[in-house]
Amino acid sequence: MMPLPAGHAPRSGRRLAAAGVGLAALAVPLWAVGMTVWQPLTEPVGPWSERLPEASTYWARDLRFLALLAAVCGLVLAGAGRRSWLTPAVLLGGGALAADVAVDRADPTGPGATVALVVAGWLAVGITVASAVRRDGATGVDGPRRTVGPADPHRPVGAAGRDRAVLAGVAAVAAVLALTAVLTRSPTGREPALDPAALVTALLLLAVTVTGAAAAAPARGRRRLTAATGVAVTGGIGLPLVRLVGPADRLVPAALLGAALLLGVTLLTRPALPARRYPLLVPVALLAPLALWHVASLVSAALSPGAPLTALAGNSPVGGGDPDVLPALAGLVAGLGTALVLARTAGVPGRPGHRPAPPAGGSARPANAERRYP
């Protein structure tokens, strides 16, 4: 394979960058609508309101935080999992959280405020992308392409400079966050805006899941396309069905859907596993996210991490002894834990054990050789 001229990236790398930035851009209007349209629906009116906040009252905030996490994941995908994009994306997430609290305190409403927030969010995404591109240049990355050096022959950055381990991890995290979105509830469960808001957020995170899994796959072709389509169809049908179930009965179908999504992600990103690992995948994919989500939720209920954010935003505190939990935080912790457990069970994509090591005394395999091995 002939080297590309400077400034020319592989077509697949450009597509991934465009898809990742596009997903991050789509998360911005979702966040803005959550702030200006859905958030006012959750806030009690007046200091002596008869409707005091309870647990899950501020569901709009939970969905906004999930939208911000989708934007961060999208930018990580745009950079193909490279550290030069990972750091700016995480910094954007932290800054966006602080901005969310400040904007929430200002209580913006109306179409004008929505448009202004969308423009500001897109500007922040654009600045982050520009910063990541500069970091690419400073670290010697030519677009989304990088050569694997002899000092690190097993670095999983293949033909398009992709870190397959990070991409597979992002896909697993986004899958768990999609389930968190579709499980979002309110004290009554009857708010007209809640179901559409939760479902749109979940579908955005599903798109992140499918994009990350497809990008982390070791080979191109019809097999990868078929597997990615299967994950997309499973989630596209399963998420609305889970949402149709009553709030008290959603956990079991959500766990089954999560297992199906995570199995699809794992088999797509690691198609050639040792036979002994396959029997472990189903119980791990079914139980790991459920158990980790429960543990994270219990810790969140004990610590009530949403209380200081509620106070900083100038909203009424949750009363009645109910905790002010952050489901998005619990979902993020459960997603990261699930990604690590799956990596432990199925192996890390692109790392030794998933592809042959270079012969002793020989040179490192070329970057594009990753296409031939899982």
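**Pockets, cavities and Arg162**

Reader: By class, how many residues does the lining of the second largest pocket have?
Author: Ala, Val, Leu, Ile, Met, Phe, Trp, Tyr, Cys and Pro count as nonpolar, Asp, Glu, Lys and Arg as charged, and the others, Gly among them, as polar. On that basis the lining of the second largest pocket has 13 nonpolar, six polar and three charged residues.

Reader: About how much space lies in the second largest pocket?
Author: This is a predicted model, in which local features need pLDDT of at least 70 and side-chain atom pairs count only at pLDDT 80 or more, while totals for chains, interfaces and linings use all residues. Residues are numbered from 1 along each chain as its sequence is written, and side-chain values use heavy atoms, leaving out hydrogens and water. A pocket is an open set of points on a 1 Å grid over the protein atoms alone, with protein on both sides within 12 Å along at least five of seven lines; lining residues have an atom within 4 Å of a point. The space in the second largest pocket, filled by probe spheres set on points joined across faces, edges and corners, is about 540 Å³.

Reader: Which of its lining residues are closest to the centre of the second largest pocket?
Author: The lining of the second largest pocket counts 22 residues. Closest to the centre are Ser56, Leu183, Arg185, Trp293 and Ser297.

Reader: Which element supplies the largest share of that lining?
Author: Helices are DSSP runs of H or I, at least four residues, numbered from the N terminus. Both α9 (278–303) and α11 supply at least two residues of the lining of the second largest pocket. The largest share, four residues, comes from α9.

Reader: Which residues are closest to the centre of the largest pocket?
Author: The largest pocket holds about 930 Å³. Its lining has 30 nonpolar, four polar and one charged residues. Of these 35 residues, the closest to the centre are Leu69, Cys73, Val173, Leu332 and Leu336.

Reader: Which residues are closest to the centre of the second largest cavity?
Author: A cavity is a set of points where a 1.4 Å probe fits but cannot get out. The second largest cavity holds about 130 Å³. The closest to its centre are Leu179, Leu183, Pro289, Leu290 and Trp293.

Reader: Is Arg162 buried or exposed?
Author: Arg162 lies in the loop between α4 (111–138) and α5 (164–182). Buried means under 20% relative accessible area, exposed over 50%, and partly exposed in between, with a 1.4 Å probe and protein chains only. Because its relative accessibility is 11%, Arg162 counts as buried.
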